[in-house]
Amino acid sequence: MKDILTVMKFTINDMIKRKSFIISTIIILVLIVLGFNVPNIIKSFKGEDTTQDKILIVDNQNIFEGNLNMLQQADLGYEIEVGKATFEEIKAKIENSEIDSSIVIEKQDNNIKIRYIVESATMMEGVPETIVNTINNLYSNMQISKLGLTTEQLESITPNFEFLLEQTEEEKANGNIFAMMLMSIVLFYAIYFCAYQVSSSITTEKTSKIMETLVTSTSPTTIILGKTIGIGVVGLLQMIAIVGTAIASAKAFLEPELIEAVLDLSNITPYLGIVTIIYFVLGYFTYALLYALTGSTVSKPEDIQSANTPVALLAVVGFYLSYFTMMNPTSELNLFAALFPVSSPFCMPFRIMMGLAKPTEVSISIAILIVTILIIARIAIKIYSNAILNYGTKMSFKDIVKMYKDKQN
């Protein structure tokens, strides 16, 4: 145990002193702060524009019997002026920048015609729907009032519709899908890129001959476990820093209403936090040990990318399997993704947040992950022990199998 702690301490010190790690972490944190501060940056360049477009509403025929003045008290997002004017007078007002546009209401036969007048039709964005809808409702209310309908009759004409979404499946999902997808992406980033560092670290140390010193002072098993745990600790701290910076930036730079609209944090509980950390640790160990295996099979840093391709593809498949099943969280495929060890670290926390995961499912998923880790660790350590001092070319799959069989014997 002491040797594992020694290797772990050595790995942590080596990781946090790397310029690439320090610079990349700083860049990520700065980008997060800038990203959440984009609305404020845009406002600082544009300035606070509180002016509203001014619209003249003309009712020369008095169709609304003076009731259009009620629009001036309504919060429609425009500065509204009500009056009478000819087309030439409206044109002069627009050219003199007294108004931005005008709505002219006219009655022809039994139809009410609405003309929207702007300076240039090519720049016209369309008739303001909020004003048109309000005018329509105002006219309807006027006609209903003239009919002398009772309150009961009026309510029967304009009922309040309440829309509810229900499903026939017994399992019901709830929660903000955006927040859950974001959490899945963060988990994937943390697990994948931290695990990738194991392969890079092993190959780099083999190239620099540091491994020879380590092997003479401790066992290969101690080395691989110590390095995996050490890099995992650094990765976990980095993830906490990223998530913490994101939460602090969101609270500091975004309006509370916007945060509540985009991220529903009501389903985030201490239980979810603990389980998420557990799945991060187990998911990290799964991929880290796989990368330790691939890292031990190459002796040159330029061969790392090709050696890691199978594991990278496996990680991408696992992530997208969990990501796309979020579209139908109550499906059997989503349950499979939550149990399958390749995708469960990204999927099961999502199911827990949605309120779909049963305690038995979580227990089975964790048990499968632990068994998978033990199997991969057994294979990785055996291959690692034979391949660790290999300074030749990258080994083939046949060489790896042969090494494992030789170790068994």
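**Figure 1. Y279 and its neighbours in the predicted model.** Y279 touches I191, Y284, S344, P345, M348, P349, V362, S365, I366 and L369, leaving aside residues up to four places away in sequence. This model is predicted. Apart from this site lies another core, of 15 residues. I57, I80, I105 and I131 are among its members.

**Figure 2. The largest nonpolar core.** This core has 62 residues. Which residues have the most contacts inside it? They are Y192, V198, Y279, Y284, Y287, Y291 and F346. Several helices each supply at least two residues of this core: α7 (177-207), α9 (220-253), α11 (270-296), α12 (304-325), α13 (332-339), α14 (344-354) and α15 (359-387). The largest share comes from α11, with 13 residues.

**Figure 3. The whole chain, for orientation.** The protein chain has 16 helices and four strands. It holds 409 residues, and 39% of them are buried. Now take the contacts between residues at least 6 apart in sequence. Of these, 76% join residues at least 24 apart. The chain exposes about 23700 Å². Carbon and sulfur atoms supply 61% of that area.

**Figure 4. A nonpolar patch on the surface.** Nine names to find here: I22, I23, I26, I27, V30, L31, L34, I41 and F45 form a nonpolar patch on the surface. Together they have about 850 Å² of accessible area. Which helices each supply at least two residues of the patch? They are α2 (19-36) and α3 (38-46). The largest share, seven residues, comes from α2. One residue to pick out is I22, which lies in helix α2. I22 counts as partly exposed because its relative accessibility is 37%.

**Figure 5. A salt bridge between helices α14 and α15.** The side chains of E361 and R351 meet in a salt bridge, with 3.3 Å from N to O. E361 lies in helix α15 and R351 lies in helix α14, so the pair ties together parts that are 10 residues apart in sequence. Are E361 and R351 buried or exposed? Both are buried. A search of the whole structure finds four salt bridges. Two others follow in the next views.

**Figure 6. The salt bridge of E106 and R115.** E106 forms a salt bridge with R115. Their closest N and O atoms are 2.8 Å apart. Why does E106 count as buried? Its relative accessible area is 19%, and buried means under 20%. R115 is partly exposed, because its relative accessible area is 26%.

**Figure 7. The salt bridge of E98 and K93.** E98 pairs with K93 in a salt bridge. The closest N and O atoms are 3.5 Å apart. E98 has 41% relative accessibility, so it counts as partly exposed. K93 has a relative accessible area of 23% and is also partly exposed.

**Figure 8. The hairpin of β3 and β4.** Strand β3 covers residues 101-108, and strand β4 covers residues 111-117. In which sense do they pair, parallel or antiparallel? They pair in the antiparallel sense, over seven bridges. To trace one bridge, start at S102: its partner in β4 is I117. The two strands form a hairpin with two residues between them. D109 sits in the turn and has a positive phi of about 55°.

**Figure 9. Positive phi at E65.** Most residues other than glycine have a negative phi. E65 is not a glycine, yet it has a positive phi of about 55°. Where does E65 lie? It lies in the loop between β1 (54-58) and β2 (79-83). Its relative accessibility is 45%, so E65 counts as partly exposed.

**Figure 10. Positive phi at S97.** S97 is not a glycine either, and it has a positive phi of about 65°. S97 is found in the loop between α4 (87-95) and β3. Why does S97 count as exposed? Its relative accessibility is 63%, and exposed means over 50%.

Technical notes:
Residues are numbered from 1 along each chain as its sequence is written. This is a predicted model: local features need pLDDT of at least 70, side-chain atom pairs count only at pLDDT 80 or more; totals for chains, interfaces and linings use all residues. Side-chain values use heavy atoms; hydrogens and water are left out. Patches are made of residues with over 30% relative accessible area and no salt bridge: like charges are joined within 9 Å, nonpolar side chains (Val, Leu, Ile, Met, Phe, Trp, Tyr) within 5 Å. Accessible areas come from the Shrake-Rupley method with a 1.4 Å probe; for residues, only the protein chains shown count as cover. Buried means under 20% relative accessible area, exposed over 50%, partly exposed in between (1.4 Å probe, protein chains only). A nonpolar core is a set of buried Ala, Val, Leu, Ile, Met, Phe, Trp, Tyr and Cys residues joined through side-chain atoms within 4.5 Å. Contact means heavy atoms within 4.5 Å. Two strands pair if DSSP finds at least two bridges between them.
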